[in-house]
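I opened my notebook with a short list of things to look up: cysteines, cores, hollow spaces and odd backbone spots. Here is what I wrote down as I went.

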Amino acid sequence: MAELSGRERLLRAFHQQPVDRIPVSPFIPINYIKEFYGTQDVDWVARTPEVYGHFGFDLVHRNCSPEYDAMGPEGQDWQIEVVCQEQERDETTTTTVRTPEGQLRWVKALRWTYEYDAENALAEFPIKSEADFDLLLRYQPLPQPADVSDIYKAKEIVGETGVVAPWIHGAFNIAAVYYRKLDDLLIDAMINPDFYRRMMEHFLQRYMIYTQQLIDAGADVFSYAANIANAKLVSPRFFREHIWPYERRFIQFIQEQGVAVLYHNCGYARNLLSLLPELDMRAYESLTPPPYGDTVLADAVEAFGTQTTLSGNIDQLDLLRKGTANEIDAAVKQVLDTVRGRCHFILATTDYFNENTPHDKIHVLADAGRRYGGL
């Protein structure tokens, strides 16, 4: 086969079509783009393609995700007050929403873990009871249009060199990230299934409105975060009964419009391998082996077959940061020898590049991927 453009290669890979070679496209996040240029003040939408090009990777541009407004918009009966407390670089933001029948409160904690990377998560969730959900259901205004300008910008910059793949959340992630404490959400599913169902239905329908705007803006692929309900947290039975139906419906909604879903589970997955292929996602990552996950690559290849493109399996925590060039080269060869001719594949890491990943090791990964990636 003649050499394909980066865009052609990746689109073919995501849609289970023949390619000229196995693509090599690890997830390079915003924090690593900042580190690469040595500054917080970086246009990561514009610079991400440059970093991928520097290392010789196929470009899956994920750093163009619009912000999802889970709390707004403001309305006459949905009045929003935001208070931010700063302590050096860290921030604690309290958002209070007042309605005619009571109030809801989000508390978000931003904590810097490294010069260019921070954790930003809710410390207090707004739905503490079923009554809180009823307030939200009754008074929160309809979603406003999302700012999709970064998707348009990324598409223009990427052109024929790659694909644009903003992040979205899976249905269970939506509830657990934005609205309801995780352990409460798990208990809801078991002891108050009607309440759980009402939340999942509402949040999924609302999120579909947001997602449709990203589709209309021209997203090629969705990096679909589904990492919370992993095989270490939930059993196969729980997943099948309480998570699978919402995931399947959302994936169908997206893929019926021609956009591929890259289903992301960067942790434990082995006990769910019999269920995940039935979701019919176009692609699945991250095939995390021990000690940070429990996936055996050959088992995943057997479970998914040729109907789903697989991606990942290269350890970025220990191997890529601390391994020798020979060890990285050998790991790449072993992975590609395992998958070649047995499934569609994109060589990648088991999650995003961490701080202080040596550039020479990244070049070894890219070079080995191209060298051993022939079909």
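**Entry 1: the cysteines**

I began with C64 and looked for a partner: its sulfur is 19 Å from the closest cysteine sulfur, which belongs to C266, and that is too far for a bond. A disulfide needs the two sulfur atoms within 2.5 Å. I noted next to this that the model is a predicted one. Then I searched the whole structure and found 0 disulfides.

Is C64 buried or exposed? I looked up its relative accessibility, which is 0%, so C64 counts as buried. C84 has a relative accessibility of 40%, so I put it down as partly exposed.

**Entry 2: a tyrosine in a loop**

I went on to Y68, which I found in the loop between strand 1 (59-61) and strand 2 (79-87). I had to ask myself whether this loop residue was buried or exposed. Its relative accessible area is 10%, and the cut-off for buried is under 20%, so Y68 is buried.

Which residues does Y68 touch, leaving out those up to four places away in sequence? I listed Y178, Y179, R206, Y207 and Y210. I also checked Y68 against G373, which is 305 residues away along the chain. Their C-alpha atoms are separated by 37 Å.

**Entry 3: the nonpolar cores**

Next I looked up the largest nonpolar core, which has 108 residues. The members that touch the most other members are F57, Y179, F239, Y263 and F345. Helix 8 gives the most to this core, with 11 residues.

I picked F57 for a closer look. Leaving aside neighbours within four places in sequence, F57 is in contact with V24, P26, I28, Y52, F353, I362, L365 and A366. Apart from this core lies another one, of 13 residues, and V19, V163, A283 and I346 are among them.

**Entry 4: the largest pocket**

How much space lies in the largest pocket? I noted about 2100 Å³. Its lining is made of 48 residues, and those nearest the pocket centre are A118, N120, H169, V177 and Y178. Y178 was already in my notebook, as one of the residues that Y68 touches.

Then I sorted the lining by residue type: 29 are nonpolar, 8 are polar and 11 are charged. Several elements supply at least two lining residues each: helix 2 (30-37), strand 4 (102-114), strand 5 (117-124), strand 7 (167-169), helix 6 (171-178) and helix 8 (193-216). Which element gives the most? I found that strand 5 does, with 6 residues.

**Entry 5: the cavity**

After the pocket I turned to cavities, and I counted 1 of 30 Å³ or more. The largest cavity has a volume of about 30 Å³. Its lining consists of S25, P26, F27, R62, H264, E285, S286, A348, T349 and D351. Strand 10 and strand 12 are the elements that give two or more residues to that lining. By type, the lining divides into 3 nonpolar, 4 polar and 3 charged residues. I recognised P26 in this list, since P26 is also in contact with F57.

**Entry 6: cis peptide bonds**

As a reminder to myself, I wrote that most peptide bonds are trans. Then I looked at the bond from E285 to S286, which is cis, with omega near 25°. S286 lies in strand 10 (residues 283-286), and both E285 and S286 line the largest cavity.

I noted another cis peptide bond, joining P290 and P291, with omega about 10°. Where is P291? I placed it in the loop between strand 10 and helix 10 (297-304).

**Entry 7: positive phi angles**

One more reminder: most residues other than glycine have a negative phi. D280 is not a glycine, yet its phi is positive, near 60°. D280 lies in the loop between strand 9 (260-264) and strand 10. With a relative accessibility of 42%, D280 counts as partly exposed.

N356 is not a glycine either, and it has a positive phi of about 60°. I found N356 in the loop between strand 12 (345-349) and helix 13 (359-372). Is N356 buried or exposed? Its relative accessibility is 54%, and exposed means over 50%, so N356 counts as exposed.

Notes. Residues are numbered from 1 along each chain as its sequence is written. This is a predicted model: local features need pLDDT of at least 70, side-chain atom pairs count only at pLDDT 80 or more; totals for chains, interfaces and linings use all residues. Side-chain values use heavy atoms; hydrogens and water are left out. On a 1 Å grid over the protein atoms alone, a cavity is a set of points where a 1.4 Å probe fits but cannot get out, and a pocket is an open set with protein on both sides within 12 Å along at least five of seven lines; lining residues have an atom within 4 Å of a point. Grid points are joined across faces, edges and corners, and a volume is the space filled by probe spheres set on the points. Helices (H or I, at least four residues) and strands (E, at least two) are DSSP runs, numbered from the N terminus. Ala, Val, Leu, Ile, Met, Phe, Trp, Tyr, Cys and Pro count as nonpolar, Asp, Glu, Lys and Arg as charged, and the others, Gly among them, as polar. Buried means under 20% relative accessible area, exposed over 50%, partly exposed in between (1.4 Å probe, protein chains only). A nonpolar core is a set of buried Ala, Val, Leu, Ile, Met, Phe, Trp, Tyr and Cys residues joined through side-chain atoms within 4.5 Å. Contact means heavy atoms within 4.5 Å.
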